[in-house]
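Reader: Hello! I'm new to this structure and would love a close look at how its strands pair up. Could you walk me through that part?

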Amino acid sequence: MNGDDQEFVNTSSLMQRGPSDLEAADPVFDAELVEELPHPVVPIPLRRRFVRWWRSLPRVPSSLKSRELLTQAAKDTTVAVLRSPWRYLRAVIRGVLAAFRWWRKWVTVRDYREAAEEVQKLADRFTEIRELTLFRWKVTGAAIVALAMAAVVTAVLYGSGPLWAAAFVSSAVLAWLGRRKDGSPGRKPTLAGARTLGWTIDPQVLVDAFRDAKLIGKDETLRLVERATRVGDGWAVTVDLPATRKAADVIKHREALASALAVDEIQLIVERVRGNGGHAGRVSMWVADEDPYATSPQRTPLLGASHWDAWRPVPFGVDARGRRIDLPLVWTSLLVGAIPRQGKTFATRLAAAGLILDAHTRLYVADFKAGKDWMAAEHVAHRFLSGDEPSDVLTLKDWLVELVAEVQGRYRRMRELDDETCPESKLTPAMSRDPSLDMPVTALVIDEVQVPLEDRTPVEVQGRKMTAGEYIGELLTWLAKKAPAAGVVLILATQRPDSKTIPSGLRAVLGTRFALRVMDWRDSNIVLGEQMNTRGYDSSRLLPSHKGVGILRPDGETDTGADAVAVTVRTYYMPGDDWQEICHRGRALRENAGTLTGHAAGEDTTLSIDHAAVVKAIGAGSDPEPTADLPEPLASVVEYLDTHADDRDFVPTAELVDALDVEPNAFGRQMSDLGCSSQRKRVPTEDGATRQVRGYLIADIRAVVEEL
Ligand SMILES: Nc1ncnc2c1ncn2[C@@H]1O[C@H](COP(=O)(O)OP(=O)(O)OP(=O)(O)O)[C@@H](O)[C@H]1O
């Protein structure tokens, strides 16, 4: 508080008391005393101040404000200068053509002729027009003769200098006449050959392609951030879209852009540039010279590694540009889906290979394909089964029960550990390698997971009758939710990625997805996640010949260099002998480290299972049948939604009518009687567009069920 404030407090107290009882009073301080620290003055260097001032000047062009832009401007100027003779020549040629067209129109008296034609008096005016045409031809001839004579006389009198000067002036006039005006790209040749690669030389071709693909408007243009450069076996370019246009839309409509650039969409990689150097409208494109997946596949780099750390992302494949894509596995889970013979088992084995080469990793391998593909893993796996009989399904069920108990035990033990060893309720690399803690990274690999999930062997879980498939679904869902943080990784591969086979609850908690070729966009969405096709990721569009190529939607960050939602990857090729080699190496590593256990060590693999504890943990058997008391058709709708709703919030009426095989009008009436009213909503279609359909909000249906 300063002196003036003190003054004010004194005077106000005097005013309240009145003038009669004037008495000297001590000042009243109604404030907090704070120590006044001087503001630190940080001197800004003169150079920085100048740079700031320079950059804030509105009239200085942006190319003079940063070194990168200046370099770009210098490059652009050099290219413009080098190209200028060619552009000038083209402008002159266009000028000559324009002049010729004008002259032809004049000499044939076209305007007069057309006017006569319009009033149907051409016959009357014919002689007149003919005479005028003849006269104009004569004028033309006289002008040519006069020009030629003038040229000869000038050449004789003054040499060729003035002739050159005249030619230059005429060419300049013609170039001006033939100049490209904004918005009129000129006549486009109909048979000009392929547009491919034209854009690498002339950015205008790229702008036209964006316009043709309707990614920018007719009057909008692109800004070239980086000129087209050779990167790998293709061309890369970075552009800025006009304000308000989004890079995400370009990714979504990649196919239209590929068509406009006349390349197969598999050759065109479009990414949004994120982070410091990017923004929502900056697009980086790479166009491969040819099908990047037509070449022979690469062997996995794991072959060159004597061992691998399971905590390091596993080398999984390469993208079209040849950039390596690594797949983090610990703390997440992986779902691989594809139609048969597309490389599902190969991809799953790649993920498993990284874990096999770590001696401190425990493996559970269940091969329901019952073939040779996984045989080699028998030598390293703690638990191993290969078969598709109900007895195998029941064995898997027991494993899962064992794993649920294991995960619960791990969390219990983690609670008792000090903060330094276990800072969060999560497994750490040090914990996973400490034999005294007995918490190694554990991977559960199930190939053809649809086999156990669809199994109908009846099982009784704490008095509740259910199928083995249902119980396995519940156990897997619990594990996918809870186990990754405790170091238990789920790697599931399925040939049938439809919503009936893989329960939506399970799919929703599987962090990493890899979709090789599937039958249609719905199946692709089931593997990759709802509406991924509308975001430009649809694995049904991959070619059958592209074995091992799929769309990877990672859980965390992959090493792609670009921060994309998903990326198309060609997995490394690891044929049977390489796989066996890896498994043998994994066994040798375990033998050295003394970590070979279970099936691989020839130990007794009888399981100690506490079913009751597991049932309590996952809550199975305790749920009352949810749809038992519901009236129809609501009960069937709820049953359908439980298996098919995924993470959707809306279900079209047509889909329900189809699935439940009911009469649409009666169905609508019954639903509305039960309190579920339908409404219109836009839903995505196969081609990426949206369509308005009638249907029900799933939340509304659930609310009615609750009420009932
Ligand atoms: N990365 C790859 N590069 C080239 N070819 C591959 C690649 N991955 C797999 N393939 C080829 O694809 C074929 C099928 O692979 P795989 O056995 O993994 O298919 P799948 O989807 O598991 O089939 P199924 O569903 O019948 O079990 C393999 O024989 C292999 O030759």
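Author: Happy to. Two strands count as paired if DSSP finds at least two bridges between them. Strands themselves are DSSP runs (E, at least two residues), as helices are (H or I, at least four residues), and both are numbered from the N terminus. Residues are numbered from 1 along each chain as its sequence is written. This is a predicted model, where local features need pLDDT of at least 70, side-chain atom pairs count only at pLDDT 80 or more, and totals for chains, interfaces and linings use all residues.

Let's start with a hairpin. Six bridges pair β1 (residues 223-231) with β2 (residues 234-240) in the antiparallel sense. One bridge partner to look for is V239 in β2, which belongs with L224. Two residues lie between the strands of this hairpin, and G232 has a positive phi near 60° there.

Now for a sheet. Three strands, in the order β17-β19-β18, make an open sheet with antiparallel pairing. β17 (650-652) and β18 (679-684) are at the edges with a single partner strand each, so one side of each has no neighbour in the sheet. From one strand to the next, the twist averages 65° (angles run from 0 to 180 degrees between N-to-C directions, with axes fitted to C-alpha atoms, for helices over the stretch in contact).

β17 and β19 (residues 690-697) run antiparallel, joined by three bridges; F650 is opposite L697 in β19. Helix α21 (residues 653-660) packs on the sheet and touches β17 and β19, its direction making about 65° with that of β17. Contact here means C-beta atoms, placed from the backbone, within 7 Å. Helix α23 (residues 698-707) also lies across β17 and β19, running at about 5° to β19.

Definitions and conventions. Contact = placed C-beta atoms within 7 Å.
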